[in-house]
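Please work through the exercises below with the sequence and the model open. Each task is followed by a solution in steps.

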Amino acid sequence: MTTTTGPAAPYVHGYSDAEARRLGDQADTLAELLHAGTAYPPGSRVLEAGCGVGAQTAHLLAANPDVLLTAADVSAESLAQARARIATLAPAARVAWHHGDLHRLPFPDGAFDHVFLCFVLEHLPDPAAGLAALRRVLRPGGTITVIEGDHGSALFHPETPAARRTVDHLVRLQADAGGDALVGRRLHPLLTGAGFTEVTVRPRTVYADGGRPALVDGFTRRTFVAMVEAVRADALAAGLTTAAEFDRGVAELRRSAGPGGTFHYTFFKAVAVNP
């Protein structure tokens, strides 16, 4: 899901098998929350920009099995995983796969009726430029749907300074890589600045506690904590922390998925029109 106006910026989460599993866990756990309301007429030409390993693609197609989907990503390895995933989960789906940078898509102006991107802008050094490039290939009157998170919305109990610092390390690493882990709060100005109209942004909130064990496991433990834990080597290499401090922070963050723990996070889903 990483694309830039020049050479691809590092994808802060990496391309490991563990990351692919985390993306799948995240997509499956949050499918109803994030995809509810995303419905396209049969035969619509839909572009999914930054499809990654196809974790969101599978749910997009499950809700819209009769669209003509083009799934694009800058990573050939991720694209191959996406193709394999969809071949298994939606073998009848009509999908064209494109390997390339979303800023330089080889499609004519207005080639698509709808554009969908999920967790992509957070990795772009210039998200406004990315949105402008996507607007070019969207027909007048067509819609764009953008879903992003915002790590600043993570609230958890029990909270300790060490646990909070581990989250902050991830935010810092993503910023150093040219991205923005807090981009969710910027969707409205980004879309309006790129020339889209009728912009609506709605929060999609996840709250997990002992009464919601599936969310505790699928989101708190296997999505968020796993995401933070995965940047350990990078945080140490950047000199942001020590091994002991990072491990303590992750252990304390993991308590939010244990008995008496709670976790809250807000995603932002925007829909806008190309005038």
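The two exercises concern a helix and a pocket of a predicted model.

**Exercise 1. Helix H9**

Determine whether the span of helix H9 agrees or disagrees with its number of residues, and establish how its buried residues are arranged.

Solution.
1. Helix H9 covers residues 243–254, which is 12 residues.
2. At 1.5 Å a residue, taken over one less than the number of residues, the helix should span 16 Å. The end C-alpha atoms of H9 are 16 Å apart, so the two values agree.
3. With buried meaning under 20% relative accessible area, the buried residues of H9 are Phe246, Gly249, Val250, Glu252 and Leu253.
4. Seen down the helix axis, these buried residues fall within an arc of 165°, and therefore they line one face of H9.
5. Ala244 and Arg248 are exposed, on the face of H9 turned away from the buried side.
6. The cover over the buried residues of H9 includes strands E6 (155–157) and E8 (262–273), together with helices H5 (161–176), H7 (213–229) and H8 (232–237).

**Exercise 2. The largest pocket**

State how much space lies in the largest pocket, and describe its lining by residue, element and class.

Solution.
1. The largest pocket holds about 170 Å³ of space.
2. It is lined by 13 residues, of which Gly37, Thr38, Thr145, Lys269 and Val271 are the closest to its centre.
3. Two or more lining residues come from each of strand E5 (138–148), strand E7 (197–208) and E8.
4. E7 gives the largest share, 3 residues.
5. Sorted by class, the lining has 6 polar, 4 nonpolar and 3 charged residues.

Key
Residues are numbered from 1 along each chain as its sequence is written. This is a predicted model: local features need pLDDT of at least 70, side-chain atom pairs count only at pLDDT 80 or more; totals for chains, interfaces and linings use all residues. Side-chain values use heavy atoms; hydrogens and water are left out. Helices (H or I, at least four residues) and strands (E, at least two) are DSSP runs, numbered from the N terminus. Buried means under 20% relative accessible area, exposed over 50%, partly exposed in between (1.4 Å probe, protein chains only). The arc is that of the directions from the helix axis to the C-beta atoms. Contact means heavy atoms within 4.5 Å. On a 1 Å grid over the protein atoms alone, a cavity is a set of points where a 1.4 Å probe fits but cannot get out, and a pocket is an open set with protein on both sides within 12 Å along at least five of seven lines; lining residues have an atom within 4 Å of a point. Grid points are joined across faces, edges and corners, and a volume is the space filled by probe spheres set on the points. Ala, Val, Leu, Ile, Met, Phe, Trp, Tyr, Cys and Pro count as nonpolar, Asp, Glu, Lys and Arg as charged, and the others, Gly among them, as polar.
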